[in-house]
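Reader: I like to know what stands behind each label before I use it. Could you take me through the labels and show how each one is earned?

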Amino acid sequence: MLINFEEYRAMYEAEEKLWWYKVLHEKVLKEIRLKFVENKQIKILDAGCGTGGLMSFLIKNGYQNIQGFDYSKDAVSFCKERNLSVQQIDITNFDDVFEKEIFDVIINDDVVYQFDNLTIKKIFLTFQTNLKSDGILISNNNAFNFFYGTHDIAVGGKQRFSLSDFEQILKEIPLKIVYYSYWSWVLSPLILTVRLLQQLRLKLNLIDLKKIKSDVVVPSDFINNFLYQIVKIEEKLLKKGFFGSSLFMVLKKND
Ligand SMILES: C[S@@+](CC[C@H](N)C(=O)[O-])C[C@H]1O[C@@H](n2cnc3c(N)ncnc32)[C@H](O)[C@@H]1O
């Protein structure tokens, strides 16, 4: 879970504006369109939907058949303010909540970092069961341990991932990664510098753990737009990013 109610509020207020969320939401939409073209009737699940920004974005883009869940009461009530169809469900134990093979798309963005690998295995196995045979699972996750910072503490982070971590986790699960991309490589030096400084300050006990906050803060319009444009240019230049603080993946069921 996120560290406190204020973090849910920060997410709720930032996710329609902050460059990072905008890029991520557009990545998800692009993959859905690539797979399902003009079909907007597809059934979508946002597993660990937080305060519902992605669901709202997809609804605005014509996908009405969408539901989500989160275990946090605060997240669910923010979703209700957006009039979304969201339930309070624990992702570590939801194998009998939905029918088998019912979803065309399951989205799981930045949730499993809170769990150990055995639990993540169980979660992905349930996704596999809930996904239609030609469905897709989209999952974005925090990447590489050297990007660890106060943000990870504020969002309840246990680990960060590389592609090989997921390959290992998925070993006995009939799911395959059909696309992946690390992002943002252009912004990596900046993000890394900020996080390394945070690590140093943490080591020196210069940070009050009770007052810790995530990086979910909207900068000025100019900077926000600048960072957004940089990542969009990066996406145009590189089909697949080789480095970055996030790992975006698309998975399908094995044939
Ligand atoms: C960093 S947020 C990501 C939210 C959203 N997916 C997004 O991309 O903005 C992590 C979310 O995982 C949720 N979460 C934590 N433990 C959970 C659990 N056991 N079951 C379901 N959701 C959980 C938190 O409440 C939080 O909303």
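Author: Gladly, and let's begin with Gly149. Setting aside neighbours within four places in sequence, Gly149 is in contact with Val194, Arg195, Gln198 and Gln199. A contact here is a pair of residues whose C-beta atoms, placed from the backbone, lie within 7 Å. The model is a predicted one, where local features need pLDDT of at least 70 and side-chain atom pairs count only at pLDDT 80 or more, while totals for chains, interfaces and linings use all residues. Numbering runs from 1 along each chain as its sequence is written.

Reader: Why is Gly149 called buried?

Author: The label rests on a count of other C-beta atoms, placed from the backbone, within 10 Å of the residue's own: 20 or more is buried, 12 or fewer is exposed, and in between is partly exposed. Gly149 has 22 such atoms, so it is buried. It sits in the loop between β5 (131-142) and α6 (150-154). Helices are DSSP runs of H or I with at least four residues, strands are E runs with at least two, and both are numbered from the N terminus. The C-alpha atoms of Gly149 and Arg201 are 9.8 Å apart, with their positions 52 residues apart along the chain.

Reader: What makes Ile44 count as buried?

Author: Ile44 has 24 C-beta neighbours inside 10 Å, and therefore it counts as buried. This residue belongs to strand β1. Beyond its neighbours within four places in sequence, Ile44 has contacts that include Leu58, Ile66, Phe103 and Val105.

Reader: And why does Gln88 count as partly exposed?

Author: Its 13 C-beta neighbours inside 10 Å put Gln88 in the partly exposed class. Gln88 lies in strand β3 (residues 86-88). Among its contacts outside four places in sequence are Phe69, Tyr71 and Val76.

Reader: What is unusual about the phi of Val37, and how do you know whether Val37 is buried or exposed?

Author: Most residues other than glycine have a negative phi, and most peptide bonds are trans. Val37 is not a glycine, yet its phi is positive at about 50 degrees. With 8 C-beta neighbours inside 10 Å, Val37 counts as exposed. Its place is the loop between α2 and β1 (44-47). Glu101 also has a positive phi, near 50 degrees, and lies in the loop between β3 and β4 (103-107). Since Glu101 has 14 other C-beta atoms within 10 Å, it is partly exposed.

Reader: How do you know that the peptide bond from Trp183 to Ser184 is cis?

Author: Its omega is near -10 degrees. Ser184 is in the loop between β6 (175-183) and α8 (188-203).

Reader: What makes α2 and α9 a packed pair?

Author: The axes of α2 (residues 19-36) and α9 (residues 221-237) are 9 Å apart and meet at an angle of about 35 degrees. Each axis is a line fitted to C-alpha atoms, for helices over the stretch in contact, and angles between N-to-C directions run from 0 to 180 degrees. Trp19, Lys22 and Val23 of α2 make the contact with Asn224, Leu227, Tyr228 and Val231 of α9. By class, five of these residues are nonpolar, one is polar and one is charged. Nonpolar covers Ala, Val, Leu, Ile, Met, Phe, Trp, Tyr, Cys and Pro, charged covers Asp, Glu, Lys and Arg, and the others, Gly among them, are polar.

Reader: What puts a residue in the shell around the ligand?

Author: Its C-beta atom, placed from the backbone, has to lie within 6 Å of the molecule. There are 18 residues around the ligand, and Gly50, Tyr71, Ser72, Ile91 and Asp109 come nearest. The shell has nine nonpolar, five polar and four charged residues.

Reader: Finally, why is the protein called as compact as a globular protein of that length?

Author: The protein has nine helices and seven strands. Its radius of gyration is 18 Å, close to the 18 Å that the globule rule gives for 255 residues, so the description fits. That radius is taken over C-alpha atoms, and the rule is 2.2 Å times the number of residues to the power 0.38. Of the 255 residues, 39% are buried. Among contacts with a separation of 6 or more, 77% join residues 24 or more positions apart.

Notes. Contact = placed C-beta atoms within 7 Å.
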